[in-house]
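These are notes on the model, set out point by point. Please read them with the sequence and the coordinates open.

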Amino acid sequence: MTATIDHSSGLSGRMTGDVVLPGDADYDDARRRWNGTVDRRPAVIARCRDAADVAAAITYARSEGLEIAVRGGGHSIPGHSVVDDGLVVDLSAMNSVQVDPATRRARVGGGALLSEMDAATQEYGLAVPCGQIGHTGVGGLTLGGGFGWLTRMAGLSVDAMRGAEVVLADGRTVHASADENPDLFWALRGGGGNFGVVTEFEFECYPVGPMVSIGMLFYGLDDAAAVLRLARETVPTLPPSVTFQVIAMNAPPEPFVPEAVRFRPGYALVVIGMGDPGGADTDADAVCESLRAGGPPPLFDFRSPMPYVALQQMIDEPNAWGVHCYDKSCFLTELSDPIIEVVTEHVARKQSPLSVVNVLTADGAYCDADGDATSFGGERTPRLLVFIIGLTLPDGVGFEAERDWVRAFHTALMPLAITDAIYVNAMGSGDGHGVSALYGRKYERLARIKAEVDPENVFHRNANILPAP
Ligand SMILES: Cc1cc2nc3c(=O)[nH]c(=O)nc-3n(C[C@H](O)[C@H](O)[C@H](O)COP(=O)(O)OP(=O)(O)OC[C@H]3O[C@@H](n4cnc5c(N)ncnc54)[C@H](O)[C@@H]3O)c2cc1C
């Protein structure tokens with residue numbers, strides 16, 4: 001019975017950060033996660049300040065037989081980063097970001113948020129390729145891959161990773177890079193939180209912004225098939241500085257959206273131009289023009305320069321903490337006619353205005369990266385990453401219907417998907433896919449490395465790679 005053990009006196013003296021226990025004023029806040037459906041009650045939350053704290057927390061948990069969860073940004077949709085009756089290694093205070101503009105390298109704390117990393121790197125007109133919502137954690141996102149607006153230009157977050165400080169299951173702190181512990185370094189770049197707690201990442205940064213250009217053309221559901229065909233024709237023609245997404249969503253209540261269109265479900269074609277620091281990317285303008293000329297008339301059409309940091313937080317609000325979420329994903333080669341049929345049919349059935357389908361373009365730098373240099377599961381062939389995201393307000397009204405919608409949509413899409421891998425960071429709980437399917441041909445090597453660094457599978461609250469026998 002964990003409740004009767006005094007974890008405070010057991011752990012507090014061994015670490016500099018706070019220890020939060022049931023009954024403490026900030027306990028409920030500390031156990032909360034982004035996904036409002038996750039409601040777990042850990043026995044102890046160790047708010048670590050440095051690698052020594054992380055080591056102390058792991059050693060303590062193991063000596064007390066407590067299951068361990070590791071919290072970066074708290075965005076894990078199945079809630080891997082919090083555990084009933086166990087110990088949470090909470091990295092949220094380890095959020096420092098130091099940028100060296102001369103070497104274009106950034107050292108980023110294991111608990112930093114994307115918004116914190118973006119703000120620090122943009123001081124120097126630099127960016128690390130990462131995800132699209134500012135309050136996501138660098139930790140979980142990077143260790144699983146890391147897709148976002150920069151994927152075409154700079155690849156995945158794992159491609160930009162150059163080193164990591166890691167606390168292993170036995171409490172040792174090691175450094176991993178191409179030269180030091182190279183197997184561990186390989187495994188960290190895609191293998192999720194299976195191999196240890198990363199207390200600091202080192203990334204290569206790329207020149208981006210400070211301004212980018214955004215173009216959005218929005219169409220009603222009636223034009224779905226024509227718009228998706230237009231998107232299919234556009235993807236192979238994209239210039240290198242331009243990235244492109246299809247988003248099935250409800251029109252936002254923004255000033256640039258005509259009142260009659262606000263909240264209407266439809267499809268947005270989003271064009272981001274990164275080629276001009278002032279946000280006047282003429283290649284992006286040309287893509288917008290060609291979309292306008294090549295398809296049905298959009299319900300609205302918006303174009304503007306925008307700070308890169310604002311782009312990175314543009315959809316933070318509709319994805320605020322506490323929403324109820326269920327998601328699934330898959331990779332596609334292109335929006336073929338049978339896929340368009342599935343998408344148009346299922347998008348029309350979504351009920352919650354918050355639910356979205358994102359289709360990200362992964363080619364360019366994603367394909368140029370050496371696929372064998374990282375453990376990321378998908379092959380480096382041009383592809384689309386589809387996220388089907390069921391979202392409702394924090395009151396959870398209508399959540400079951402959205403979850404069923406996601407499941408039915410995904411089931412219909414999977415026979416048409418690329419089968420080499422599934423994106424680990426978008427694997428819903430109870431997905432029914434074995435973890436080996438996430439990593440394809442790389443799973444065996446991952447399992448061997450897991451056996452070396454975590455033979456007792458201490459870090460298992462993740463898409464769990466079992467130690468090889
Ligand atoms: C709103 C939202 C937007 C998203 N957008 C994107 C996107 O644009 N692109 C994309 O690729 N993915 C995206 N994702 C998926 C996201 O990458 C995963 O949910 C990821 O796990 C979140 O990481 P976190 O640190 O915030 O989560 P947490 O819940 O804190 O952790 C998730 C997992 O990572 C492990 N972990 C976290 N930090 C560390 C660390 N420092 N060391 C070791 N293990 C660690 C945890 O143990 C846990 O297993 C999004 C998710 C959400 C909810």
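1. Where is the place of Pro-210? In this predicted model, Pro-210 sits in the loop between strand S11 (206-207) and S12. The peptide bond that leads into Pro-210 from Gly-209 is cis, and its omega is near 10 degrees. This is a spot to check by eye.

2. A second backbone detail concerns Arg-104. Its phi is near 55 degrees, a positive value in a residue other than glycine. Arg-104 belongs to the loop between S5 and S6.

3. The UniProt record, in an unreviewed entry, lists residues 38-208 as "domain: FAD-binding PCMH-type". In the model, the chain over residues 38-208 is 26% helix and 26% strand. The end C-alpha atoms of this stretch are 36 Å apart.

4. One open sheet has 5 strands in the order S5-S6-S10-S8-S9, and the pairing is antiparallel. Strand S5 (97-100) and strand S9 (173-177) each have a single partner strand, so they stand at the edges with one side left without a neighbour in the sheet. From one strand to the next, the twist averages 15 degrees.

5. Within this sheet, strand S6 (residues 105-109) and strand S10 (residues 197-204) run antiparallel and are joined by 5 bridges. Gly-109 has Glu-200 of S10 opposite it. Helix H3 (residues 51-64) packs on the sheet and touches strand S8 (161-167), S9 and S10. The direction of H3 makes about 45 degrees with that of S8. Helix H4 (residues 114-122) also packs on the sheet, where it touches S5, S6 and S10. For H4, the angle is about 30 degrees to the direction of S5.

6. What is the strand order in the open sheet of 7 strands? The order is S15-S12-S14-S13-S17-S18-S16, with antiparallel pairing. The edges are taken by strand S15 (300-307) and strand S16 (324-332); each has a single partner strand, so one side of each lacks a neighbour in the sheet. The twist from one strand to the next averages 15 degrees.

7. In the sheet of 7 strands, S13 and strand S14 (residues 265-273) run antiparallel, with 9 bridges between them. One pair of bridge partners is Asn-250 and Pro-265, the latter in S14. Helix H9 lies across strand S12 (211-220), S13 and S14, and runs at about 20 degrees to S14. Helix H12 (residues 337-347) lies across S13, S14, S16 and S17. The angle between H12 and S14 is about 120 degrees.

8. Which elements give two or more residues to the lining of the largest cavity? The structure holds 2 cavities of 30 Å³ or more, and about 80 Å³ of space lies in the largest. Its lining residues are Leu-228, Val-246, Ala-248, Tyr-267, Leu-332, Leu-335, Val-343, Val-357, Val-359, Val-386, Phe-409 and Leu-413. The elements that give two or more of these residues are S13, S17 and helix H14 (399-413). By class, the lining has 12 nonpolar residues, with no polar and no charged ones.

9. The second largest cavity has a volume of about 30 Å³. Gly-144, Gly-190, Phe-376, Gly-377, Ile-422, Tyr-423, Val-424, Leu-438 and Tyr-439 line this cavity. By class, they comprise 6 nonpolar and 3 polar residues, with no charged residue.

10. About 200 Å³ of space lies in the second largest pocket. Of the 17 residues that line this pocket, Val-235, Pro-236, Thr-333, Glu-334 and Leu-384 lie nearest its centre. Two or more lining residues come from each of helix H9 (224-234), strand S13 (242-250), strand S17 (356-362) and strand S18 (383-392). The lining is made up of 10 nonpolar, 3 polar and 4 charged residues.

11. Two elements recur in the last points and deserve a joint look. S13 and S17 each give two or more residues to the lining of the largest cavity, and S13 and S17 are also among the elements that do so for the second largest pocket.

Note on methods:
Residues are numbered from 1 along each chain as its sequence is written. This is a predicted model: local features need pLDDT of at least 70, side-chain atom pairs count only at pLDDT 80 or more; totals for chains, interfaces and linings use all residues. Side-chain values use heavy atoms; hydrogens and water are left out. On a 1 Å grid over the protein atoms alone, a cavity is a set of points where a 1.4 Å probe fits but cannot get out, and a pocket is an open set with protein on both sides within 12 Å along at least five of seven lines; lining residues have an atom within 4 Å of a point. Grid points are joined across faces, edges and corners, and a volume is the space filled by probe spheres set on the points. Helices (H or I, at least four residues) and strands (E, at least two) are DSSP runs, numbered from the N terminus. Ala, Val, Leu, Ile, Met, Phe, Trp, Tyr, Cys and Pro count as nonpolar, Asp, Glu, Lys and Arg as charged, and the others, Gly among them, as polar. Two strands pair if DSSP finds at least two bridges between them. Axes are lines fitted to C-alpha atoms, for helices over the stretch in contact, and angles run from 0 to 180 degrees between N-to-C directions. Contact means heavy atoms within 4.5 Å. UniProt positions are given in the numbering used here, feature names are shortened, and annotations may be inferred rather than shown by experiment.
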